[in-house]
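Thank you all for making time this morning. I would like to walk you through one structure, going slowly for anyone who has not seen it before.

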Amino acid sequence: ASLFTAIEMAPRDPILGITEGFNADQNPNKTNLGVGVYYDDNGKLPLLECVRKAEAELMAKLSPRGYLPIDGLAAYDKAVQELVFGADSAVVKEKRAVTVQAIGGTGALKLGADFLKRFSNDNAQVWISDPSWENHRALFESAGFTVNNYPYYDAATRGVNFVGMMEALNNMASGSIVVLHACCHNPTGADLNHDQWTQVIEVVLKRGLIPFLDMAYQGFADGITEDGEVVRRFAQAGGPLFVSNSFSKSFSLYGERVGALSIVAASTEEASRVLSQLKRVVRTNYSNPPIHGGQVVATVLASPELRKLWEEELAGMRVRIREMRQLLVKKLKEQAPAQDFDFVTKQRGMFSYSGLTKPQVERLRDEFSIYAVDTGRICVAALNTKNIDAVVAAIAKVL
Ligand code: PLP
């Protein structure tokens, strides 16, 4: 027997499995709505103009590739902090927030999970929404936590089960870690409204819970500032705060792995101790982050001209997704008038919990080469004016 004789095959990643199936499909009219990626109206992954320009600038003054500091590029960390909390926010001015560059949003969550495992109560548990991005559970479990679900999605109203969510928050042990989607909830597209956030912030403070805001889609709901508002509200409310953010989607820089983890502490002195320990977590995981992606984002955010371009390009993505939601609903009304799909226009971000059942998703795949997640989650950002008619016709047939 070899060392590996007893090793079992790991289960396939459900979403990457969809892409494997899609890639193997020979149908020229195949459509992949299973991914979490923004495509343009030609079905192509965009290279943003602001990124192209920043890269041209960087190429013109190529520099040697020394190691970055453990916490990443200083200009990047500063830019992220100002983007996430606001340059004139108290936590930034009082140096109570610390930010480290991370390997995408996933890497930021992993750093936060490892840090919390070392420094939270021995018996603290993690709570994620039901349902949530499937990697939330795995990331916190692999850091050694027990992970629970709080009620979130209500299939009957296609909105948030806010009463259930609040009841769960009110019953969590003090010191529990609550993972919240800052905007554009993945997978449902259902977000809390302003007043609901007010109540969540209140109960988190009152019960001494540790909020961990995951913001992977800033700018995809209402705008960069609007979507970041919840982070600023939590920061203002006081108490410890963890924020993971990602530029994978908002800069279309998926493969560069650009994200960050920010932690808000009670004082400058506390923040510097937190940062010192956070750097140890980085050091023992991968030592220090890569240069290129962070440099691109820092260059764009620091240049008024490139930043304006980024905001316009991000707005373009946001508006196109919104148009696809409206078009999908309009066309479904024509082809499948018996069913109401208006809720699709109320959902936010890249995804829609479409209400399609597993057997319907299977028929879409087997009969029409249209790939979606078994839960009925479709990526609206993968729809375009060329594929939408075929998608609508197929949905109308399987309903
Ligand atoms: N968090 C959520 C809710 C996500 O949907 C994603 C990506 O799909 C991530 C985090 C991870 O982002 P990244 O690709 O930057 O690791």
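Let me begin with a single residue, Ala173, which is exposed because only 12 other C-beta atoms lie within 10 Å, and the cut-off for counting as exposed is 12 or fewer. I should say straight away that what you are looking at is a predicted model. Ala173 sits in the loop that runs between helix H7, residues 162-171, and strand S7, residues 177-181. If you look from Ala173 to Lys358, you cover 185 residues in sequence, and the two C-alpha atoms are 36 Å apart in space.

Please set beside that a second loop residue, Asp222, which is found between strand S8, residues 210-215, and helix H9, residues 224-237. Asp222 has 14 C-beta neighbours inside 10 Å and therefore counts as partly exposed. Asp222 and Ala315 are 93 residues apart in sequence, and yet from C-alpha to C-alpha they are 8.9 Å apart in space.

Now let me turn to the ligand. Which helix gives the most to the shell around the ligand? That is helix H5, residues 104-119, with three residues. The residues around the ligand include Gly104, Gly105 and Thr106, and also Trp133, His181, Asn186 and Asp214. Sorted by class, the shell around the ligand has two nonpolar, nine polar and one charged residues.

Since we have met H5, let us stay with it and ask what it packs against. With helix H6, residues 134-142, H5 packs at an angle of about 35°, the axes being 9 Å apart, and the crossing of these two helices is right-handed. On the H5 side the residues that meet H6 are Thr106, Leu109, Lys110 and Ala113, and on the H6 side they are Asn135, Leu139 and Phe140. By class, this contact of H5 with H6 has four nonpolar, two polar and one charged residues. You may recognise Thr106 here, as it is listed among the residues around the ligand and also takes part in the meeting of H5 with H6.

H5 has another partner, helix H10, residues 268-285, and here the axes come within 10 Å and cross at roughly 120°. H5 and H10 are therefore oblique to each other, and H5 passes H10 in a right-handed crossing. In this case Leu111, Asp114, Phe115 and Phe119 of H5 meet Gln277, Leu278, Val281 and Val282 of H10, and those residues divide into six nonpolar, one polar and one charged.

Further along the chain there is one more helix pair that I would like you to find, namely H12, residues 304-335, and H15, residues 388-398, whose axes come within 10 Å and cross at roughly 45°. H12 and H15 are therefore oblique to each other, and H12 passes H15 in a right-handed crossing. The contact is made by residues including Met324, Leu327 and Leu328 of H12, together with Ile388, Val392 and Ala393 among those of H15. By class, the contact of H12 with H15 has nine nonpolar, one polar and one charged residues.

Finally, I would like to look at the backbone itself, and one general point helps here: most residues other than glycine have a negative phi, and most peptide bonds are trans. Where, then, are the cis peptide bonds that I want to point out? One joins Asp130 and Pro131, with omega about 0°, and Pro131 lies in the loop between strand S3, residues 126-130, and H6. Another joins Asn186 and Pro187, with omega about 20°, and Pro187 lies in the loop between S7 and helix H8, residues 194-207. Asn186 is itself one of the residues around the ligand.

As for phi, Lys95 has a value near 50°, which is positive in a residue other than glycine, and Lys95 lies in the loop between helix H4, residues 90-93, and strand S2, residues 97-103. Arg257 likewise has a positive phi, of about 60°, although it is not a glycine, and Arg257 lies in the loop between strand S9, residues 241-246, and strand S10, residues 258-264. Is each of these two buried or partly exposed? Lys95 is partly exposed, with 14 other C-beta atoms within 10 Å, whereas Arg257 is buried, with 21 other C-beta atoms within 10 Å.

Key
Residues numbered from 1 in each chain as written. Predicted model: local features only at pLDDT ≥ 70, side-chain atom pairs only at ≥ 80, totals over all residues. Axes fitted to C-alpha atoms, helices over the stretch in contact; angles between N-to-C directions. Helix = DSSP H or I, 4+ residues; strand = E, 2+ residues; numbered from the N terminus. Parallel < 35°, antiparallel > 145°, perpendicular 65-115°, else oblique. Left-handed = near helix turned anticlockwise from the far one by under 90°. Contact = placed C-beta atoms within 7 Å. Nonpolar A, V, L, I, M, F, W, Y, C, P; charged D, E, K, R; others polar. Near = placed C-beta within 6 Å. Buried ≥ 20, exposed ≤ 12 C-beta atoms within 10 Å, placed from the backbone.
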